[in-house]
Amino acid sequence: MTTTPEPEGLLAELGIDPTRASETLWRVTGLALRYRGRFVLATGASLAASLAGIAAPRLLGRAVDAADVPLAAARDSGPLVMLGAALFAVLACRGLLQMAAGYNSELLGQNVARDLRLAYFAALQRLDFAFHDRVHSGDLITRGMLDLEGMRGFIEVGLQRSIQLALLLVTGALVLSRIDPIMAAVTLSFVPVVLWRAGRMGLRLRLAWTRLQRSMAVLTRVMEESLQGARVVRAFGAASHELRGFDRTGDEALALSERRIQVRARAMATINSAFYLAMALALWVGWRRVAAGMISLGQLAECLAYMTLLQLPVRQVSLIMNSAARAVSAGARVFEILDAQPRIVDRAAAVPLVVADGELRFEDVHLDYEDGQPPALSGVSFAVRRGETLGIVGASGSGKSSIAHLIPRFYDPSAGRISIDGQDIRAVTLESLRTAVGLVQQDVFLFDDSAAANIAYAAPDTDEHDIAEAARAAAIHDHFDALRDGYASRVGERGAALSGGQRQRAAIARGLVPEPAILVLDDATSAVDAITEHRVRRGLRSATAAQAIVLVSHRLSSLMHADEILVLDAGRVVERGTHAALVARGGRYAALFALQDLAAASERRRSA
């Protein structure tokens, strides 16, 4: 016979520390305290509404006692009318105060949500590539949207209602104790059951919300990948396969939601049963005490009215616990990102990079991405300065892109030194370094904006003339100029309105606009045909005459003009020299050149 594990054990299995729940919840509450004025208004209105609610049973009890008089005295209805008017005024005031509390609570939640969105987005921009290599973007989107909404919901609803319920219980207990301690104990006899059941419900809801949020992250990831790979899905007729996968993940999320609802329903069944049992007990005990002359009929009415007042807040216990449990699990996921520290940061004494000769130097550089894995680079050394071009070639996985990513300091070398004009790039500010280094990668990302905005992305104030000049150097000006809206034409999501080669040339133009001292082209013309690539090389030669160029390519025709060429294999430089010297040496480069030259000749014969 199998037994269901206790929630504490399941939380531990999911890597959740139950002892940190209060810390996370207090931290979420602390976000609301940043807006002290709005928080005080919301809380004050909520507390005042609670006090007005407490006054209502008191007035009702007095009205009952006023009505329970001999017939002769009952003809004077003045006191009863006054009590009725006071009761109406109190209830009207309570309604207005609740409206004010709700208005300010929602504004408070929206302000906190805005701050969280900005802080979360800033954290994603700050975190380095090593973090993004590990965490899927679908999970990050879920945290920044659904999890953040869970935190906002607690501030808007759970926080204020929990304060209101606590005040009603404490104040009511004091008022009822002054009437009759026995009746106070009977009236509030359901409270221990509520506290016990709410605590158990909170643990189970937290477990359910954690699982559901992780499931929603998977659902977002499946949808995101399906949309980004829409062309692949259509090309292979895999729409039904994607639909089945999404349906399966959706069913899992639905099952988890059903479990969460069951937890709330079962808990509320127990809480409501305890409440109604306490009400019946209060009626029975109260009637006996009225009959014994220990309390008046009005005081009994006051006790019962107070319980009626508590009925809605008690029913909202599940709502409060649900929002708190969601805030704890969601807050833990959001704070995990906000608290994450990037590995690549400015040192305490970092200074701006000063570029003179623009000399980039690698000195015995090693790079290990992960422990236990083969090194990406081993003992790489080279130098390139303004007006020079360094070519890098090698098989896939040989370390070409690793060199490109080290130059703007997306990663730090495991050993060795990288410098620009003698300044270690780890000792200068990232902003100044990445201003001096331009990187154009093979995998191009264009924003769903105009061609001009994409080209001028690194320097938004660039004028139309300079944008066009950069596009001419990248051999893409004629295409944009021929469009109906010219450079104002939108390029679509990820540049979908452009071909692969056009996207790469637009990216090259984008890299030219800020005029970096060092320009790194990481296989940036891999999707460009040979004739267009020749035009791009010719345009770049004049546009980058005063820059140091690091040119990574698998196409040797792109490297023939380089001042020096490095041949990489398994992260090591196995050959180096000019194109002519390497061909004359008859090594790997020469063999690869001969193979590519033969393929090009065959292509020319077929074209002829």
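Me: Why is Arg 472 called partly exposed?

Reply: Its relative accessibility is 45%. Buried would need under 20% and exposed over 50%, so Arg 472 counts as partly exposed. Keep in mind that this is a predicted model.

Me: And what makes Arg 472 and Glu 469 a salt bridge?

Reply: The closest N and O atoms of the two are 2.9 Å apart. The cut-off is 4 Å between a side-chain nitrogen of Lys or Arg and a carboxyl oxygen of Asp or Glu, so the pair qualifies. Both residues lie in helix H17, three residues apart, about one turn of the helix. Glu 469 is partly exposed too, because its relative accessible area is 37%.

Me: How do you know which side of the line Glu 149 and Arg 152 fall on, buried or partly exposed?

Reply: They split. Glu 149 has a relative accessible area of 29%, so it is partly exposed, whereas Arg 152 comes in at 16% and therefore counts as buried. The cut-off for buried is under 20%. Their side chains meet in a salt bridge at 2.5 Å, N to O, and both sit in helix H7, three residues apart, about one turn of the helix.

Me: What makes Arg 385 and Glu 388 count as a salt bridge?

Reply: Their side chains meet at 3.6 Å, N to O, and the limit is within 4 Å, so the pair is in. Arg 385 has 36% relative accessibility and so counts as partly exposed. Glu 388 is partly exposed as well, because its value is 24%.

Me: How many salt bridges does the whole structure have, and which residues are linked in a network?

Reply: The search finds 22 salt bridges. The network links Asp 139, Arg 143, Asp 147, Arg 333 and Glu 336. As for the chemistry, side chains of opposite charge can pair when their charged atoms come close.

Me: Why is the pair of Phe 190 and Phe 275 called edge-to-face?

Reply: The ring centres are 5.1 Å apart, with the planes at 80°. Pairing needs centres within 6.5 Å, and edge-to-face needs planes over 60 degrees apart, so this pair meets both conditions. The two rings come from distant parts of the chain, 85 residues apart: Phe 190 is in the loop between helix H8 and helix H9, and Phe 275 is in helix H11. Phe 190, at 2% relative accessibility, counts as buried, and so does Phe 275, at 1%. Together with Tyr 276 they form one aromatic cluster.

Me: Then what makes Phe 480 and Tyr 487 tilted?

Reply: Their planes are 50° apart, with 5.6 Å centre to centre. Stacked would need under 30 degrees and edge-to-face over 60, so tilted is what remains. Phe 480 and Tyr 487 are both buried. By the ring-pair rule, the count comes to seven aromatic pairs.

Me: What makes the phi of Arg 409 worth a look?

Reply: Arg 409 has a positive phi of about 65° although it is not a glycine. Most residues other than glycine have a negative phi. Arg 409 is in the loop between helix H14 and strand E4, and its 3% relative accessibility makes it count as buried. Ala 475 also shows a positive value, near 60°. Ala 475 is in the loop between helix H17 and helix H18, and it is buried, with a relative accessible area of 8%.

Me: Why are strands E6 and E10 said to stand at the edges?

Reply: Each has a single partner strand, so one side of each is left without a neighbour in the sheet. The open sheet has six strands in the order E6-E7-E8-E3-E9-E10, with mixed pairing. Neighbouring strands are turned by 15° against each other on average, direction ignored.

Me: How do you know that E3 and E8 pair?

Reply: Four bridges join them, and at least two are needed, so they pair. The two strands run parallel. One of the contacts is Leu 390, whose bridge partner in E8 is Val 550.

Me: What makes Ile 141 partly exposed?

Reply: Its relative accessibility is 40%, so it counts as partly exposed. Ile 141 lies in helix H7 and forms a nonpolar surface patch with Met 145 and Leu 146, with about 270 Å² of accessible area together.

Notes:
Residues numbered from 1 in each chain as written. Predicted model: local features only at pLDDT ≥ 70, side-chain atom pairs only at ≥ 80, totals over all residues. Heavy atoms only, no water. Axes fitted to C-alpha atoms, helices over the stretch in contact; angles between N-to-C directions. Patch = residues over 30% accessible without salt bridge, like charges linked within 9 Å, V, L, I, M, F, W, Y side chains within 5 Å. Areas by Shrake-Rupley, 256 points an atom, 1.4 Å probe, with all protein chains shown as cover. Buried < 20%, exposed > 50% of the residue type's maximum accessible area, 1.4 Å probe, protein only. Phe/Tyr/Trp six-rings, centres within 6.5 Å; stacked < 30°, edge-to-face > 60°.
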